[in-house]
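Trainee: Could you take me through one part of this model in detail, beginning with a single residue and working outward to the helices around it? I should like to understand how the pieces fit together.

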Amino acid sequence: MFSGRLKQLRKNKKLTQEDMARYLGITRQGYAKYENDNSEPSLAMLVKIADMFAIPLDDLLGRTMEASEPVDEKSSTHSRLGISKDDYNQLTSYQHAVLDWAVSQEDFHFKNQSDNVLDMMERLEIIYEYEMAKKKQ
């Protein structure tokens, strides 16, 4: 069940196995084992994967009904930030992670929306890197 869910999530984000492996810090072959049900990720790796897709672990593991339902367009990252789906899809997986993180922050209010996605990304990446560095301390 997990392997199929993982593959579905990756394809929905239009990511390659190489993109996922790079994000997770493993080889593409190591990542492929997760999708082929030949290996199970550690708890820390599961958390990292769930963070990548900005979903709870239960959704990643297929333990909730929402896991099989399509994403509500109104709650999608690009819609919440006011950018087009095409612009969002042209961003890298790292940039998706930054934007997904930004919209998941309860106390984060994106006040200065920009028509230029790259300008917005530059500002968000600075905040994201700062917050991730704080978590590591």
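**Alanine 54 and its setting**

Mentor: Alanine 54 is partly exposed, since its relative accessible area is 44%, a value that falls between the limits of 20% for buried and 50% for exposed. The model is a predicted one, and every value that follows is computed from it. Alanine 54 belongs to the loop between H4 and helix H5, which spans residues 57-60. Its backbone deserves attention: phi is positive, at about 55 degrees, although the residue is not a glycine. Most residues other than glycine have a negative phi.

Lysine 14 shows a positive phi as well, near 55 degrees, and it too is a residue other than glycine. Lysine 14 is placed in the loop between H1 and H2. With a relative accessible area of 61%, lysine 14 is exposed. Lysine 14 can be related to a distant point in the sequence, glutamine 90: the two are 76 residues apart along the chain, and their C-alpha atoms are separated by 9.8 Å. Glutamine 90 sits in the loop between helix H7 (85-89) and helix H8 (93-104), and its relative accessibility of 67% makes it exposed.

From these loops one may turn to helix H4, which comprises residues 43-53. Two packed helices are described by the angle between their axes and the distance between the axes. For H4 and helix H2 (residues 17-24), the axes come within 10 Å and cross at roughly 120 degrees. The two helices are therefore oblique to each other, and their crossing is right-handed. On the H2 side the contact is formed by Met20, Tyr23 and Leu24, and on the H4 side by Met45, Lys48, Ile49, Asp51, Met52 and Phe53. By class, seven of the residues in this contact are nonpolar, none is polar and two are charged.

H4 meets H1 as well. Here the axes come within 11 Å and cross at roughly 35 degrees, and the crossing is left-handed. Phe2, Leu6, Leu9 and Arg10 of H1 make the contact with Leu46, Ile49 and Phe53 of H4. The residues of this contact comprise six nonpolar, no polar and one charged. Ile49 and Phe53 thus take part in the contact of H4 with H1, and they are likewise among the H4 residues that meet H2.

The charged residue Arg10 merits a separate description. Arginine 10 lies in helix H1, residues 2-12. Its relative accessible area is 8%, so it counts as buried. Residues up to four places away in sequence being left aside, arginine 10 touches Leu15, Thr16, Gln17, Met20, Tyr31, Glu35 and Phe53. Of these partners, Gln17 and Met20 are among the H2 residues that meet H3, while Tyr31 and Glu35 are among the H3 residues on the other side of that contact.

That observation leads to the packing of H2 against helix H3, which runs over residues 28-35. Their axes come within 8 Å and cross at roughly 110 degrees, and H2 is consequently roughly perpendicular to H3. The contact brings Gln17, Glu18, Met20, Ala21 and Leu24 of H2 together with Arg28, Tyr31, Ala32 and Glu35 of H3. The division by class is five nonpolar, one polar and three charged. Met20 and Leu24 of H2 meet H3, and these two residues also contribute to the contact with H4.

A further buried position, threonine 77, may be set beside arginine 10. Threonine 77 is placed in helix H6 (residues 77-81) and is buried, its relative accessible area being 13%. Its contacts, again without residues up to four places away in sequence, are with Tyr88, Leu99, Asp100 and Val103. Between threonine 77 and valine 103 the separation is 26 residues in sequence and 6.6 Å from C-alpha to C-alpha.

Finally, these details may be placed within the whole chain. Its secondary structure consists of nine helices and zero strands. The chain has 137 residues, of which 38% count as buried. Its accessible surface comes to about 8900 Å², with 48% belonging to carbon and sulfur atoms. Among contacts between residues at least 6 apart in sequence, 53% join residues at least 24 apart.

Terms used
Residues are numbered from 1 along each chain as its sequence is written. This is a predicted model: local features need pLDDT of at least 70, side-chain atom pairs count only at pLDDT 80 or more; totals for chains, interfaces and linings use all residues. Side-chain values use heavy atoms; hydrogens and water are left out. Axes are lines fitted to C-alpha atoms, for helices over the stretch in contact, and angles run from 0 to 180 degrees between N-to-C directions. Helices (H or I, at least four residues) and strands (E, at least two) are DSSP runs, numbered from the N terminus. Angles under 35 degrees count as roughly parallel, over 145 as roughly antiparallel, 65 to 115 as roughly perpendicular and the rest as oblique. A crossing is left-handed if the near helix is turned anticlockwise from the far one by less than a right angle, and right-handed if clockwise. Contact means heavy atoms within 4.5 Å. Ala, Val, Leu, Ile, Met, Phe, Trp, Tyr, Cys and Pro count as nonpolar, Asp, Glu, Lys and Arg as charged, and the others, Gly among them, as polar. Buried means under 20% relative accessible area, exposed over 50%, partly exposed in between (1.4 Å probe, protein chains only). Accessible areas come from the Shrake-Rupley method with a 1.4 Å probe; for residues, only the protein chains shown count as cover.
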